[in-house]
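Colleague: Before I rely on the labels attached to this chain, I would like to hear how each of them was reached.

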Amino acid sequence: MSLDDLHRPLGLHNDIKPNQFSDYQMTKIAFVGLLLAGSSLISANYILKGPASDLSVVTVQIDRNAPSLQPAQSSAQQLPPALPPPLAVTEIPSPLVAEMPKSALAARPGQDVTGTIPGMTRAGKMDVEIKNGVKIYRPNMTQPTKSSVMQFPEQDISIELTKAADPRLIEKGAHGPLPKIAPDGAKPMEVYGRPAVTPSILKGGAPQMVLVVGGMGLNASATQMAAERLPGAITLAFAPYGIDLDKQVSKAREAGHEILLQLPMESFGGPRENPGPHSLTTDAKADVLKDNLHWLMSRFTGYVGVSNFLGAKFTSNEQALAQIFKETSQRGLLYFDDSSSPRTLAPSLAANMNIAFAGADLVIDRNPEPEAISAALSKLEALARQKGLAIGFANGLPAGVDPIANFAKSLPGRGILLTPLSASLGKGQTPVAGLSK
């Protein structure tokens, strides 16, 4: 279809030949064209800059370690590369980005920067709020506002964890270093843990959410991606069979993540589902079970506790599980049950033995499809608001890293505190494993 076809009245096909216009007609056409071009420029200038009376005030929380953002390119303009996430840049009206004051990009960490943002309508503000977890304070919700305060959620807070391994917390074992309680009473779960830090955007008493992502260490590149993209307040759980585990764990802790050791345990599938060498089995004698446990615990240092890796059969055996609980508790470690098995006795046994314990309320990526992960995260958020504390576990599949990371970064703007696992203990609440079944 030609350009003339688009402007010809529907159903009429009387072609106009190129030389059919008179000089007078061509002069009129040129004059009208100039008028239309001029009015278009005036309208464009008005739309981009907006009326002086419709200004919005923006307060931006600056992340001290905000990662470099690679915004979508546009033929009209290039977005500032230093604009901090979690804003979905392609969903923000262009005037908001184009007029972002330069002072906001050079502010000191934690400094509030105020600037005027022309052309930002109330509908645009609400769209940003819904999609990006931005808090927008409007003086009058019944009237379109000329001035609003938009507070962007703070990003991951940089925290330097205690260096591992602390000599006070090391015992020489037959297979390598083992964690222990220091002579002064210091425990690995306390020394190596990440403290809970409440961003200024949140008030005290906010609901808390814990996210534990396992399967780390088996693939070095996937582990590095998870450690870099996930907020530091997310606890990472490492399997004991990776290469250069000490190096991988060290990098993850440098990124701010506290660490769990996953203990391979016997499943109901028998040898076909054997998780690996030195796995913990229900038929092993006490000394063999303890030796295998020590081998697993000596793979790397700096972890706050242990967790099951598979183990539906093992975690349903009270006698076998009690031996693990006794050993790990005496070494100052917490125990985390990922709730992957509906038969697990871990919650009730931990309560009877009075050990440091946490259990997942929900397995986030039981269904690895992105839509299912999003639905599970929404359910976990509802549980956090209902209970005050909710714990989610994910298997660390590469496809789930970005959805979990984006969700976690939006939590402060949604009024929820992302809390490391070790920091969630002793909150007066007992997480109940198995709610996802």
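Colleague: In this predicted model, where is N354 found, and what makes N354 count as exposed?

Modeller: N354 is found in the loop between α11 and β12 (357–359). Its relative accessibility is 69%, and because exposed means over 50%, N354 counts as exposed. Phi of N354 is near 55°, a positive value in a residue other than glycine.

Colleague: Why is H278 called partly exposed?

Modeller: H278, which lies in the loop between β9 and α9 (286–297), has a relative accessible area of 28%. Buried would need under 20% and exposed over 50%, with partly exposed in between, and therefore H278 is partly exposed. H278 also has a positive phi, near 60°, although the residue is not glycine.

Colleague: What makes α10 oblique to α11?

Modeller: The axes of helix α10 (residues 318–330) and helix α11 (residues 346–353) come within 11 Å and cross at roughly 55°. Roughly parallel requires an angle under 35 degrees and roughly perpendicular one of 65 to 115, so α10 is oblique to α11. The crossing of these two helices, α10 and α11, is right-handed.

Colleague: Which residues meet where α10 and α11 are in contact, and how do they divide into nonpolar, polar and charged?

Modeller: From α10, the residues E318, L321, A322, F325 and K326 meet A346, L349, A350 and M353 of α11. The residues of this contact divide into 7 nonpolar, no polar and 2 charged. Glu and Lys count as charged.

Colleague: How do you know that strand β9 is mostly covered, and what is found on its faces?

Modeller: In β9 (residues 259–265), 7 of 7 residues are buried, where buried means under 20% relative accessible area. I259, L261, L263 and M265 lie on one side of β9, with L260, Q262 and P264 on the other, and both faces are covered.

Colleague: How do you know that β8 and β9 pair?

Modeller: Pairing needs at least two bridges, and strand β8 (residues 235–238) and β9 have 3, in the parallel sense; the bridge partner of L236 in β9 is I259.

Colleague: Which residues of helix α13 are buried, and what covers them?

Modeller: The buried residues of α13 (residues 398–410) are G400, V401, I404, A405, F407, A408 and S410. Their cover includes β7 (208–216), α7 (220–229), α12 (370–387), β14 (389–394) and β15 (417–418).

Conventions. Residues are numbered from 1 along each chain as its sequence is written. This is a predicted model: local features need pLDDT of at least 70, side-chain atom pairs count only at pLDDT 80 or more; totals for chains, interfaces and linings use all residues. Side-chain values use heavy atoms; hydrogens and water are left out. Buried means under 20% relative accessible area, exposed over 50%, partly exposed in between (1.4 Å probe, protein chains only). Helices (H or I, at least four residues) and strands (E, at least two) are DSSP runs, numbered from the N terminus. Contact means heavy atoms within 4.5 Å. Axes are lines fitted to C-alpha atoms, for helices over the stretch in contact, and angles run from 0 to 180 degrees between N-to-C directions. Angles under 35 degrees count as roughly parallel, over 145 as roughly antiparallel, 65 to 115 as roughly perpendicular and the rest as oblique. A crossing is left-handed if the near helix is turned anticlockwise from the far one by less than a right angle, and right-handed if clockwise.
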